[in-house]
Each structure stands twice: as C-alpha cells, then as structure tokens.
Amino acid sequence: MIRILIVEDERAISDLIRMSLTRAGYQCRCVYDGLAAADLLEADAAFDLILLDIMLPGADGFELMEYIRPLGIPVIFLTAKNAVSDRVKGLRMGAEDYLVKPFEIIELLARVEVVLRRYQKLASTLDVGGLHIDLRSMQVFRDGQEISLTPKEYELLLLFAQNPGIALYRETIYQRVWGGEYTSTTRTVDLHVQRLRRKVGWERRLVAIPKVGYRLEA
C-alpha cells in the first residue's frame, strides 16, 4: 500500500487530508511540526510521498526539505504562501509540486496521483465497485467480461473510481473530463453519468447529490 506522510500543523486540515487520502486507498501518517517529522523520518523513511506545509513550528518546510532531499522521497508543498518567490524556492529545492491553500481535495488527489505515477508508485490496476480497471490498457472488466466504454465514459469512470466517497461537483466533473467552462444549462455530465451507471452496473452505487453532483459510494 502507498504510504503518505502529512506534515501539517493545522489539525483540521491534516485530518481532512488524511481522511480523503485514506478513502482513496492510501495509508497515511500525520505529524504536526518539523522536528517531529525529522525524528519520524530518521526512524522510518519508508514513505512514498510527503505532503509538506511550509509554515511549521520547530522547523519550517524549507528547512525540513533539506533533510528530506537525500532520502529521495517526493514532496508536494502545501502552504498558504502564494508568492512566486516561495513557489520557485520550493521547486528549486526539489519539490515535485506546490499547492496553495485553500485547495479542493479533488485537486490534491489529482496532484498526488500525478507525482506517484511519475515515480512509478501506483499500481497498474484498480478494483472498485465490482469492476477491475486496467490502467495501462484502459480496459474495464466485470466478472471477467470486458465492458465497452467510450473515451469520455472511461475518463468519467476513472474520476469516480479514484475519488470514492467524495462528493464531486458537476463543475469539477465537467472541467476534469471535458475541459472548459461548465454552464448550468448543459446536460452533458448528467447524460454521461446515466449511461455509465447502466453500463457498469452502478445504478445504486453512483448516487446523485441534489444541487451538487455525484458521489461514488465507497
């Protein structure tokens, strides 16, 4: 299982990130200051990714990054700092990505996925809701039988499969799958969700959330 270390001193944010990543199938460990993170890594450096806040007690994220870099663990900075100089500094120190608070959890999950794929940490298959998804061949199976999906249906399926239990707004779904700006008059998302439900047998699992969007029941 993919192990992620969350170094964030705001416990509400840390708990939200941990809960969301755990639902997505990751194993998480939380620490709340830089020195505690350094102590933990000295004892156990077997993490696949570190989510690192910059403004930390004990030792800040930039100082901790100097300790992490020789370990070869990829890092995504999470911070309220939005200055270009801070982003450039973090990236030049070796961070893989930089996410400014406040951010949507779905964006964080997407960035985590990109970094893990870059480091070839992710599995090549995904099993969810009775489906077996081969991420390399982009094939979907139920009970050994392949389900034929259009490219957009596959992207939509993957979006829900990688974010189980998370409410996804129609705007977010449209932007992630189709790109561009969502308008309230378009029925594209709803029509594709209805077709996807029937094709993969998720009539009861992929639920509608009034005035919001959809959620895949974990």
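1. Gly 25 sits in the loop that connects helix 1 with strand 2, and in this predicted model the residue is partly exposed, its relative accessible area being 41%. Gly 25 follows helix 1 and has a positive phi, near 100 degrees. As a long-range reference for anyone orienting the model, the C-alpha atoms of Gly 25 and Gly 144 are separated by 23 Å, although the two residues are 119 residues apart along the chain.

2. Helix 1 itself covers residues 11-23, which makes 13 residues, and its reach from first C-alpha to last is 18 Å, close to the 18 Å expected at 1.5 Å a residue. Its buried residues are Ser 14, Ile 17, Ser 20 and Leu 21, and because these cover an arc of only 140 degrees around the axis, they fall on the same side of helix 1. The general background is that an α-helix has 3.6 residues a turn, so residues three or four places apart point the same way. Arg 11 and Ala 12, by contrast, are exposed on the other side of helix 1.

3. What do the buried residues of helix 1 pack against? Their partners are strand 1 (3-7), strand 2 (27-31), strand 3, strand 4 (75-79) and helix 5 (105-118). One of those buried residues, Leu 21, reappears in the largest nonpolar core, which has 48 residues and in which Leu 21, Leu 51, Val 112 and Phe 160 touch the most other members.

4. Val 112 deserves a separate look within that core. Once its neighbours within four places in sequence are left aside, Val 112 is in contact with Ile 4, Leu 21, Tyr 26, Leu 49, Leu 51 and Ile 76. There is also a second, separate core of 22 residues, and its members include Leu 5, Ala 37, Leu 40 and Leu 52.

5. On the cysteines, the structure holds zero disulfides. Why are Cys 28 and Cys 30 not bonded to each other? A disulfide is a covalent bond between the sulfur atoms of two cysteines. The closest cysteine sulfur to that of Cys 28 is the one in Cys 30, and because it lies 6.5 Å away, it is too far for a bond; the converse also holds, the sulfur of Cys 28 being the closest to that of Cys 30. Both residues count as buried, Cys 28 at 18% relative accessibility and Cys 30 at 16%.

6. Asp 53 belongs to strand 3 (residues 49-53) and, at 3% relative accessibility, counts as buried, since the cut-off for that class is under 20%. Its side chain makes a polar contact with the side chain of Lys 101, at 3.5 Å. Residues up to four places away in sequence not being counted, Asp 53 touches Val 7, Glu 8, Asp 9, Gly 61, Leu 78, Thr 79 and Lys 101.

7. Asp 97 lies in strand 5 (residues 97-100) and is likewise buried, with a relative accessible area of 19%. Because buried means under 20%, a reader may wish to keep that value in view when using the label. The side chains of Asp 97 and Arg 111 are joined by a polar contact of 2.8 Å, and the residues in contact with Asp 97, apart from its neighbours within four places in sequence, are Val 75, Ile 76, Phe 77, Leu 91 and Arg 111.

8. Is Asp 60 buried or partly exposed? Asp 60 is found in the loop between strand 3 and helix 3 (61-68) and, at 26% relative accessibility, counts as partly exposed. A polar atom of its side chain lies 3.0 Å from the backbone nitrogen of Phe 62, and the side chain of Asp 60 also reaches the backbone nitrogen of Glu 63, at 2.8 Å. Computed along the sequence, so to speak, Asp 60 and Leu 126 are 66 residues apart, and their C-alpha atoms are 36 Å apart in space.

9. Helix 7 (residues 170-177) has as its buried residues Arg 170, Thr 172, Ile 173, Tyr 174 and Val 177. These pack against helix 5, helix 6 (151-161), strand 10 (168-169), helix 8 (188-200), strand 11 (206-209) and strand 12 (213-216). Helix 7 is followed by Gly 179, which has a positive phi, near 75 degrees.

Technical notes
Residues numbered from 1 in each chain as written. Predicted model: local features only at pLDDT ≥ 70, side-chain atom pairs only at ≥ 80, totals over all residues. Heavy atoms only, no water. Helix = DSSP H or I, 4+ residues; strand = E, 2+ residues; numbered from the N terminus. Buried < 20%, exposed > 50% of the residue type's maximum accessible area, 1.4 Å probe, protein only. Polar contact = N/O pair within 3.5 Å; in protein donor to acceptor, adjacent residues only side chain to side chain. Contact = heavy atoms within 4.5 Å. Disulfide = S-S within 2.5 Å. Expected span 1.5 Å × (residues − 1). Arc of directions from axis to C-beta. Core = buried A, V, L, I, M, F, W, Y, C linked by side-chain atoms within 4.5 Å.
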